[in-house]
Amino acid sequence: MEHATTPNRVVLELASVARDAAACTACGLSATRTQTVPGEGSPIAQIVFVGEAPGAREDQAGRPFVGASGHLLDNLLASIGLRREEVFILNTVKCRPPGNRNPQKSETAACAPLLTRQLQALQPRVIATLGRHALAVFAPSARIAEVHGRPYARTEDDPHGGAMLFPLYHPAAALHNGSLRSTLERDMAALRGYLNMHAREGAGEATLREVDSVPIRPRSKRQGEAE
Ligand code: URA
């Protein structure tokens, strides 16, 4: 699929989503948040990482994955030659659940329109879900132990423009379980292999701040896509 919008339009839509999130009271999480965590990264990212929910550090900073699991995520990205400025990092919900509990289904459902708008604006080639809760939002019937570390073609409804899912374990789980850490490292290497095959133009070299200087260029075709 060609990118339907220019990077500047993507930035405008992402900023609009961030404003709408900041004003959102669609679920109870709005009452306990310090601030929303809309996400960050390159507006021309070909890969979007979707975590579960902001934690305490993220709630304070207004940025995703800035705590210990964020540090591990940065290292995992570096291990496959990526910086966080080159990808986009989102969460299924934009507000911290109190006590870092898992987001409830009603909360991910309330936040889904914002996530969908972000993904429709970004039109990534790959959505890498982090952990089973993020995976459940995109593929409710998939089990992470069975599908991690390889592309997962969705049979469920896909409002996100046909991006390939690539389920990964959550970095926080890998921090607490040494064997999951090596699994996650292997899965990241597999993701690199997939990107090499399917996203040859790189992961997006512009940050949001640099976007005004981003040349507007069409995306290359996906494999098998008609000219
Ligand atoms: N865990 C998540 O799922 N998201 C964050 O932003 C931080 C930790």
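**View 1. The whole chain, with 9 helices and 5 strands.** In this predicted model, helices and strands follow one another along the sequence in the pattern α-α-β-β-α-α-β-α-β-α-α-β-α-α. The chain has 227 residues, and buried residues make up 44% of them. Among the contacts with a separation of 6 or more, 76% are between residues that stand 24 or more positions apart in the sequence.

**View 2. Strand 3 and the strands that pair with it.** Strand 1, which covers residues 40-41, pairs with strand 3 in the antiparallel sense over 2 bridges, and within this pairing E40 stands opposite I89. Strand 2 and strand 3, in contrast, run parallel and are joined by 4 bridges, with V48 having F88 of strand 3 as its bridge partner. Strand 3 is covered on both faces, since F88 and L90 on one side are buried, and so are I89 and N91 on the other.

**View 3. The largest nonpolar core, a set of 54 residues.** The members that touch the most other members of this core are V48, V87, I127 and A128. Elements that give two or more residues to the core include helix 1 (7-23), strand 2 (47-51), helix 4 (68-79), strand 3 (88-91) and strand 4 (126-129), as well as helix 9 (178-198). The largest share, 7 residues, is supplied by helix 5, which spans residues 105-122. As a general tendency, nonpolar side chains in soluble globular proteins are buried together.

**View 4. P124, in the loop between helix 5 and strand 4.** Is P124 buried or exposed? P124 counts as buried because 24 C-beta neighbours lie inside 10 Å, whereas 20 would already be enough to meet the cut-off. Leaving aside residues up to four places away in sequence, P124 touches A45, Q46, I47, V48, L119 and A163. One of these, V48, is also among the residues that touch the most other members of the largest nonpolar core. P124 and M164 are 40 residues apart in sequence, and their C-alpha atoms are 8.6 Å apart in space.

**View 5. The residues that surround the ligand.** Which residues form the surroundings of the ligand? They are G51, E52, A53, P54, G55, E58, P64, F65, S69, N91 and A172. Sorted by class, this shell has 5 nonpolar, 4 polar and 2 charged residues. N91 of the shell also appears in the view of strand 3, where N91 and I89 are buried on one side of the strand.

Definitions and conventions. Residues are numbered from 1 along each chain as its sequence is written. This is a predicted model: local features need pLDDT of at least 70, side-chain atom pairs count only at pLDDT 80 or more; totals for chains, interfaces and linings use all residues. A nonpolar core is a set of buried Ala, Val, Leu, Ile, Met, Phe, Trp, Tyr and Cys residues joined through C-beta atoms within 7 Å. A residue is buried if 20 or more other C-beta atoms lie within 10 Å of its own, exposed if 12 or fewer, and partly exposed in between; C-beta atoms are placed from the backbone. A residue is near a molecule or strand if its C-beta atom, placed from the backbone, lies within 6 Å of it. Ala, Val, Leu, Ile, Met, Phe, Trp, Tyr, Cys and Pro count as nonpolar, Asp, Glu, Lys and Arg as charged, and the others, Gly among them, as polar. Two strands pair if DSSP finds at least two bridges between them. Two residues are in contact if their C-beta atoms, placed from the backbone, lie within 7 Å.
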